[in-house]
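Colleague: Mind walking me through the terms people use for a model like this? I'd like to know what stands behind each one.

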Amino acid sequence: MKNPIFHFPPLGEFKFVENLLKNGVPLEECPPANRNWLSAGDDAAIFDGWLATKDLSVEGVHFRLDWSSPEQAVEKHIVSNVSDICSMGGEPRLALFGICVGKNWSEETKKRIVSAVSKGFASRGIAVIGGDTVGGCVGMFSTTLLGVQRGEKPLLRSGAVPGDKVYVSGSLGKSAAGLYVLENHPEDVPRFSDLVEYHLCPKIDENMGKKLVDWGVTGGCIDISDGLSSELNHLALSSGVQIEIDENLLPVDAKVQEMADYYGISALNLAMNGGEEYQLLFSSSCLDSIFQDEDSRPSGVYPIGVVKQGSSVWMNIMDGSRKMVNAQAWSHLC
């Protein structure tokens, strides 16, 4: 069935929606090949084979237009949704997009946001199939994103088993470090521009979940949105296992270490407890056999520990001691 051609009335809201949709990806009749079902509790639910996730981005909480460009704010929102589908080993396909237009947004800001939304979804092959538009005191983006599994089974938080190794798919601490600079030392934004840019508009390998499935990974997987310490505990609790990581294996980003040394703060804390990284934390028993040495392992994939029988999360400290890792996620409701 072909997509209908809409003719919108010449009113502000309708013109806004028309501009958002006019360069979009067409809806294709391509149902999921695998008909799985999964209720709430993972990075995405699954109904009749469709992976489904939803994220909100609220002005003043998730983005600030005195820090971000409109394009950065939109990209960060889209990445927060895409990473959930990615962590399930899926490919994003369809989006329902809602927007609350902030009362203080200029006409230029509105135009740039509409363009960024349209291009952001289209560049990823995601068709926007509906949504809603309202106005309010602050701006907000809301996306329900649907995707399909790459393989027969999704990657789940509950998939880690004793004997797996634990990995992350990128260096750590960048978003938290960028936020620290913005909040505490705005005069140094040019000095640490890479970190600030990552916080405002994170760039991740959006195909990593599909790659894991193609490599044969069947372990546990979750995206790092609330901080590594929290996601490790999610993974351990969901899988009913103990996870043990090594401090000396954590891939603290070199720029993060430089920034932490400059201000005399803890790079480890930024790497462990900083949110909005959107890299993947996963376990696997097969990567060592596929990539037999460090040089052959894919760039950006770092082993950080092992899965054992038991419960909770522990870290082996470089001084030889061992401590429990407690979840340090920031809560929107506290």
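Modeller: Sure. Axes are lines fitted to C-alpha atoms, for helices over the stretch in contact, and angles run from 0 to 180 degrees between N-to-C directions. Helices (H or I, at least four residues) and strands (E, at least two) are DSSP runs, numbered from the N terminus. This is a predicted model, where local features need pLDDT of at least 70 and side-chain atom pairs pLDDT 80 or more, while totals for chains, interfaces and linings use all residues. Residues are numbered from 1 along each chain, and side-chain values use heavy atoms, without hydrogens or water.

Colleague: What angle do the axes of α4 and α8 make?

Modeller: The axes of α4 (residues 174-184) and α8 (residues 254-263) cross at roughly 35 degrees and come within 10 Å.

Colleague: Which residues make the contact?

Modeller: Contact means heavy atoms within 4.5 Å. Lys-174, Ala-177, Tyr-180 and Val-181 of α4 meet Val-256, Met-259 and Tyr-263 of α8.

Colleague: What makes some residues of α8 buried and others exposed?

Modeller: Buried is under 20% relative accessible area, exposed over 50%, partly exposed in between (1.4 Å probe, protein chains only). Val-256, Met-259, Ala-260 and Tyr-263 of α8 count as buried. They span an arc of only 100 degrees around the axis, so they sit on the same side of α8; the arc is that of directions from the helix axis to the C-beta atoms. On the other side, Ala-254 and Asp-261 are exposed.

Colleague: How do you know that β6 and β10 pair?

Modeller: Pairing takes at least two DSSP bridges between two strands. Four bridges join β6 (residues 165-168) to β10 (residues 302-308), so by that definition they pair, running antiparallel.
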